[in-house]
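Trainee: I would like to learn how the labels on a structure are earned. Could we go through them one by one?
Mentor: Gladly, let us have a look together.

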Amino acid sequence: MAGSVARVTEISATSDSSFEDAVRVGIDRATQTLRGVRSAWIKEQEVLLGDSGISGYKVNMLITFVLE
C-alpha cells in the first residue's frame, strides 16, 4: 500500500488591496521555495490600519506540502 507524508508550515503574507490577494501572494511565494504544495488553510485574517484607515490586509496560513 502506497502512502505519503506531508508537512505543514505556517506563513504570513500581506497585500495592499485585499485578503484574496494576500492569500495569492503567500501561495505564490511558498511554491517558489517548497515542492509538492497541496493545500493552504487560512488560519487568521488581520486588517492593518494607518492614519487614513485600512492600509493593508494580512493573512496567516498553514501550507501543506508532501515530503519526497
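Trainee: Why is Leu49 called exposed?
Mentor: Leu49 has a relative accessibility of 66%. Exposed means over 50% relative accessible area, buried means under 20%, and partly exposed lies in between, with a 1.4 Å probe and protein chains only. The value of 66% is over the limit, so Leu49 counts as exposed. A word on the source: this is a predicted model, in which local features need pLDDT of at least 70 and side-chain atom pairs count only at pLDDT 80 or more, while totals for chains, interfaces and linings use all residues. Residues are numbered from 1 along each chain as its sequence is written, and side-chain values use heavy atoms, leaving out hydrogens and water.

Trainee: What makes the nonpolar surface patch that includes Leu49?
Mentor: Val47, Leu49 and Ile54 make it, with an area of about 290 Å². Patch members have over 30% relative accessible area and no salt bridge; nonpolar side chains (Val, Leu, Ile, Met, Phe, Trp, Tyr) are joined within 5 Å, like charges within 9 Å. The areas come from the Shrake-Rupley method with a 1.4 Å probe, and for residues only the protein chains shown count as cover.

Trainee: Where does Leu49 lie?
Mentor: In strand S2, residues 37–50. Strands are DSSP runs of E with at least two residues, helices are runs of H or I with at least four, and numbering starts from the N terminus.

Trainee: How do you know which strands belong together in the sheet?
Mentor: Two strands pair if DSSP finds at least two bridges between them. S2 and S3 are joined by 12 bridges, and S1 and strand S3 (residues 53–66) by 10 bridges, so both pairs meet the rule of at least two. The result is an open sheet of 3 strands in the order S1-S3-S2, with antiparallel pairing. Strand S1 (6–15) and S2 are the edge strands, each pairing on one side only. S2 and S3 also form a hairpin with 2 residues between them.

Trainee: What packs on the sheet?
Mentor: Helix H1 (residues 19–33) does, touching S1, S2 and S3. The direction of H1 makes about 40° with that of S3. Axes are lines fitted to C-alpha atoms, for helices over the stretch in contact, and angles run from 0 to 180 degrees between N-to-C directions.

Trainee: Why is the pair of Lys43 and Glu10 called a salt bridge?
Mentor: A salt bridge is a side-chain nitrogen of Lys or Arg within 4 Å of a carboxyl oxygen of Asp or Glu. The closest N and O atoms of Lys43 and Glu10 are 3.3 Å apart, so the pair satisfies that limit. This pair links distant parts of the chain, with Lys43 in strand S2 and Glu10 in strand S1, 33 residues apart. Lys43 is partly exposed at 41%, and Glu10 is partly exposed at 42%.

Trainee: How many salt bridges does the rule give?
Mentor: The count comes to 5. One of them joins Lys58 and Glu46, whose closest N and O atoms are 4.0 Å apart. Lys58 lies in strand S3 and Glu46 in strand S2, so the pair ties together parts that are 12 residues apart in sequence. Lys58 is also the bridge partner of Glu46 in S3.

Trainee: What separates Arg24 and Asp21 along helix H1?
Mentor: About one helical turn, because they are 3 residues apart in helix H1. They form a salt bridge too, with their closest N and O atoms 3.5 Å apart. Together with Glu20 they are linked in a network of salt bridges.

Trainee: Is Gln45 exposed or buried?
Mentor: Gln45 is exposed, because its relative accessible area is 51%. Gln45 lies in strand S2 and touches Phe19, Lys58 and Val59, not counting residues up to four places away in sequence. Contact here means heavy atoms within 4.5 Å.

Trainee: Why is Ser55 called partly exposed?
Mentor: Ser55 has 40% relative accessibility, so it counts as partly exposed. Ser55 lies in strand S3. Leaving aside neighbours within four places in sequence, Ser55 is in contact with Asp16, Leu48, Leu49 and Gly50.
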